[in-house]
Amino acid sequence: MQQFAAAFAVPSVSPDSLPQGPHADLAASIQAWTERVVEHLATVAVQRANSRRLCMAGGVALNIMSNSYLLDRGIIDALAVAFSTASSSATLPVALRVARE
């Protein structure tokens with residue numbers, strides 16, 4: 001935890017206390033960065049697939065703010081999130097196969 005605090009210049013928070021201003025600022029910065037990265041990747045995927053329908057899987061795919069960002073900005077027309085119980089996103093190959101049939 002000390003490495004995290006040092007890397008991001010925010011104090012540690014004990015489990016029984018609420019996060020303070022610097023933690024909210026850090027979370028907002030990470031969310032904004034995530035949205036920009038997801039926007040770039042989605043834009044590339046849309047161009048390569050020649051489709052504005054996107055299927056995503058994995059941890060970042062569950063980020064509702066990033067998903068809303070893609071839809072609200074008109075980068076995609078439809079989004080399917082493949083839920084998986086593991087980070088390996090084993091459901092994605094199944095979704096791709098069904099989409100091709």
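**Exercise 1. Find where L41 sits, and work out whether it is buried or exposed.**

Step 1. Locate the residue. In this predicted model, L41 belongs to helix α2, which covers residues 21-49.

Step 2. Check its accessibility. L41 has a relative accessible area of 53%. The cut-off for exposed is over 50%, so L41 is exposed.

Step 3. Look at the company it keeps. Together with W33 and V37, L41 makes a nonpolar surface patch of about 310 Å².

**Exercise 2. Test whether the span of α2 fits its number of residues.**

Step 1. Take the count: α2 has 29 residues.

Step 2. Work out the expected span. The rule is 1.5 Å times one less than the number of residues, and for α2 that comes to 42 Å.

Step 3. Compare with the model. The end C-alpha atoms of α2 are 42 Å apart, so the two values agree.

**Exercise 3. List the buried residues of α2, then take a closer look at T34.**

Step 1. Make the list. H23, L26, T34, E35, V38, E39, A42 and V46 are the buried residues of α2.

Step 2. Think about spacing. An α-helix has 3.6 residues a turn, so residues three or four places apart point the same way. Keep that in mind as you read down the list.

Step 3. Zoom in on T34. Its relative accessible area is 13%, and buried means under 20%, so T34 is buried.

Step 4. Find what T34 touches. Ignoring residues up to four places away in sequence, T34 touches V60, N63 and S66.

**Exercise 4. Describe the largest nonpolar core and say which element gives the largest share.**

Step 1. Recall the background: in soluble globular proteins, nonpolar side chains tend to be buried together.

Step 2. Name the members. The largest nonpolar core has nine residues: V38, A42, V46, L54, M56, A61, L70, I75 and I76.

Step 3. Sort by element. Both α2 and β1 supply at least two residues of this core. The largest share, three residues, comes from α2.

Step 4. Pick one member and follow its contacts. Leaving out neighbours within four places in sequence, M56 is in contact with A61, N67, L70, L79, A80, V81 and A82.

**Exercise 5. Find the salt bridges and say which parts of the chain they link.**

Step 1. Start from the idea that side chains of opposite charge can pair when their charged atoms come close.

Step 2. Count them, using a cut-off of 4 Å from nitrogen to oxygen. The count is two salt bridges.

Step 3. Take the pair R73 and E39, which meet at 3.5 Å, N to O. R73 is in the loop between α3 (64-72) and β2 (78-82), while E39 is in helix α2, 34 residues apart. R73 is exposed at 51%, whereas E39 is buried at 18%.

Step 4. Now the pair D77 and R52, whose closest N and O atoms are 3.0 Å apart. D77 lies in the loop between α3 and β2 and R52 in the loop between α2 and β1, so this pair ties together parts that are 25 residues apart in sequence. D77 is exposed at 53%, and R52 is partly exposed at 35%.

**Exercise 6. Say what is notable about the phi of N50.**

Step 1. Place it. N50 comes just after α2, in the loop between α2 and β1 (53-57).

Step 2. Read the angle. N50 has a positive phi of about 55°, although it isn't a glycine.

Step 3. Check its accessibility. At 72%, N50 counts as exposed.

Conventions:
Residues are numbered from 1 along each chain as its sequence is written. This is a predicted model: local features need pLDDT of at least 70, side-chain atom pairs count only at pLDDT 80 or more; totals for chains, interfaces and linings use all residues. Side-chain values use heavy atoms; hydrogens and water are left out. Patches are made of residues with over 30% relative accessible area and no salt bridge: like charges are joined within 9 Å, nonpolar side chains (Val, Leu, Ile, Met, Phe, Trp, Tyr) within 5 Å. Accessible areas come from the Shrake-Rupley method with a 1.4 Å probe; for residues, only the protein chains shown count as cover. A salt bridge is a side-chain nitrogen of Lys or Arg within 4 Å of a carboxyl oxygen of Asp or Glu. Helices (H or I, at least four residues) and strands (E, at least two) are DSSP runs, numbered from the N terminus. Buried means under 20% relative accessible area, exposed over 50%, partly exposed in between (1.4 Å probe, protein chains only). Contact means heavy atoms within 4.5 Å. A nonpolar core is a set of buried Ala, Val, Leu, Ile, Met, Phe, Trp, Tyr and Cys residues joined through side-chain atoms within 4.5 Å.
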